[in-house]
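Work through the exercises below with the structure open beside you. Try each task before reading its solution.

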Amino acid sequence: MNLTHKIIRAHLACGDMTPGGEIGLRIDQTLTQDATGTMAWLQFEALGLPRVKAELALSYVDHNTLQMNFRNPDDHRFLRTAAARFGGVFSPAGTGICHQLHLENFARPGATLVGSDSHTPTAGGIACLSMGAGGLSVALAMAGEPYRIPMPRVTRVWLEGRLEGWTQAKDIILELLRRLTVKGGVGRVFEYGGPGAATLSVPERATIANMGAELGATASLFPSDEATRAFLRAMGRERDWVELAADPDAVYDDEVRIDLSALRPLAACPHMPDRVKPVAELAGLAVDQVCIGSCTNSSFRDLELAARILDGRRVNPGTDTLVSPGSKQALMMLEQGGWVKALLNAGVRFLECACGPCIGSGGAPVSGGVSARTFNRNFEGRSGTADAAVYLVSPAAAAWAAVNGRFTDPATWGDAPARPLPTDVPAAPSIRHLFVFPPEDGSDVDVVRGPNIAALETFPAFEGAFEGRVTIRLGDNVTTDHIMPAGAEILALRSNVPAIAEHVFSRVDKGFVARARAASPEGGAGGGRGIIVAGDNYGQGSSREHAALAPRHLGIRVVLARSLARIHRANLVNFGILPLVFVNRDDYERVPEGAILRIPVESVTPGGIVNIEVEGAGSIPASNDLSAAELAVIRAGGLLNAVRAGRS
């Protein structure tokens, strides 16, 4: 068996391991963050359970740490009191980014983890089968319910050789994105192996696993070996180590081979992570801003390398350079080595140990500026500056851009520092005392809600014939950032669906909300009659369930696309929105914005085809890949309705 199958088999609650068939997995650990967590904990509370049933439930605060008014701190207070009441571990603002903290303190080889953040697969770097999901799916996992997904196919990524010169782990995943595109991992787990994998440390592996999300992958996995053991020992957690690997004769669905020694520093160009080219080809392009950090590249090793480059040098005066450590643990390790002083002397700006600029929460570039970032996404407008050009690079490439004020050919960077051995990980100071662990009995804890926390909305069942209007027509690779923008101002409304719904598609089409309300004058409280039509890979990117929940509030009942991203498709189902796919790709051209569509919802069957009548254009066939359970959820008006009905 391959490693993926071993972990799935050990956690299989229902279904069989046939690719594409629905399986249910027992989940050991869950994580939420504050941009998604308030809704997830409200949904858990609505289930009526007194206590979390998962082995471990983490509530991190790392996204909405800008406290410009009462909204964010009120959410943090709610999350702290809800965790205490229901048995979650709370990580206060400033402690660090959820994925870095979880890797350092809680993830363990062989466990299953579901998180309400699309980069939850970061923990695959430590052989933890970790998957991103919508908040409602995570709430149900917290309640002990199986996490249901299509059984993924498994792609072996065979790594040969070793990284040379200035090439880093970031360049490995950028090379995969260059080859496979942002759609290349849908329905798959990427399992890494080979002699090259053994040369990578856990932080390097975590960088690669993190950006598997940009491939659309369900998860990414590395084996648990001596490098894993060394990392856990350095974190004071060697007791959590177990050896885990694929069998020597393991079977895979397909394979990708990469010679690490042949790679050179790469960059993802605006505005998509798969628009990859060598950094050398960007030489001469002026860089206005450099950001080093995010859940992709904010470990001690990443920041130490940047500090080595900047030590004794001065950041270019025209290049604003920001550093956001992934955790207080990583920051203290930097301080112990004298690297904080080196960075400060170079002229960088230290930010809080949080997501920050990665989700548009501060650190926006100048108008029309070029920003070189060690982050994982460069979608248009995500940085907070609509016309900025964001390039995704390794910490080495970012640091050299900061020094030179422009991209330069790596051949001019001089000799790279010797690569540390995988076992050469400095001892880390423990920050476990900073986490707030729940009392044994939280029944007397009051959960405190601020005025911005709106009550959960109840949606009606979806039955019978349906007639609706296409309220927006979109192209390919529409992201959840396009649907439900990030940024400090909008993120602060995540606890208030009616308020945040006013911003749906606001950076794409400012007339959408008005058209959606006109198509469904009764709004989400009634049946709703809005339809979204899109091209390929609709809903890629963040796991934010608000990209489904807010349109549902506005009356959207159907999404008809050429193809759908995994997590967003699941979120549509969770909130009772019917996801359909064009059988004939060219039929996309026959459905204009404003068209009236008639869909016989009662005739939809799991995995079947239904004929849609397009007013003035005849009939077109549409398919679905729904299981019987998912179709039942949609008919019930959403997953929360279905679970409540099942428990009553």
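**Exercise 1.** Which residue of β10 is the bridge partner of W158?

Solution. The model used here is a predicted one. Start with the two strands: β9 covers residues 153-160 and β10 covers residues 188-193. They pair in the parallel sense over 6 bridges. At W158, the partner in β10 is G193.

**Exercise 2.** Describe the sheet that contains these strands, and state which strands are its edge strands.

Solution. Step one is the order: the open sheet has 4 strands, arranged β11-β10-β9-β12, with parallel pairing. Step two is the edges: β11 (219-221) and β12 (254-259) each pair on one side only, which makes them the edge strands. Step three is the twist: with direction ignored, neighbouring strands are turned by 20 degrees against each other on average. Last comes the packing: helix α6 (residues 169-180) lies on the sheet and touches β9, β10 and β12. The direction of α6 makes about 130 degrees with that of β12.

**Exercise 3.** Classify the packing of α2 against α3 as parallel, perpendicular or oblique.

Solution. Two packed helices are described by the angle between their axes and the distance between the axes. The axes of α2 and α3 (residues 71-86) come within 10 Å and cross at roughly 40 degrees. Angles under 35 degrees would count as roughly parallel, and 65 to 115 as roughly perpendicular. The two helices are therefore oblique to each other. The crossing of α2 past α3 is left-handed. Residues making the contact include W41, L42 and F44 of α2 and F78, L79 and F86 of α3. By class, the residues of this contact divide into 8 nonpolar, 3 polar and 3 charged.

**Exercise 4.** Is S294 buried or exposed?

Solution. First locate the residue: S294 sits in the loop between β15 (289-293) and α9 (300-310). Its relative accessible area is 1%. Buried means under 20%, so S294 is buried. Leaving aside neighbours within four places in sequence, S294 is in contact with I97, S324, C358, T374 and F375.

**Exercise 5.** How many residues of α17 are buried, and what covers them?

Solution. Helix α17 spans residues 546-553, and 8 of its 8 residues are buried. Charged R552 is among the buried residues, as is L549. The cover includes α2 (34-46), α13 (480-483), α15 (497-500), β22 (556-561) and α18 (566-574). After the helix comes G555, with a positive phi near 100 degrees.

Terms used
Residues are numbered from 1 along each chain as its sequence is written. This is a predicted model: local features need pLDDT of at least 70, side-chain atom pairs count only at pLDDT 80 or more; totals for chains, interfaces and linings use all residues. Side-chain values use heavy atoms; hydrogens and water are left out. Buried means under 20% relative accessible area, exposed over 50%, partly exposed in between (1.4 Å probe, protein chains only). Contact means heavy atoms within 4.5 Å. Axes are lines fitted to C-alpha atoms, for helices over the stretch in contact, and angles run from 0 to 180 degrees between N-to-C directions. Angles under 35 degrees count as roughly parallel, over 145 as roughly antiparallel, 65 to 115 as roughly perpendicular and the rest as oblique. A crossing is left-handed if the near helix is turned anticlockwise from the far one by less than a right angle, and right-handed if clockwise. Two strands pair if DSSP finds at least two bridges between them.
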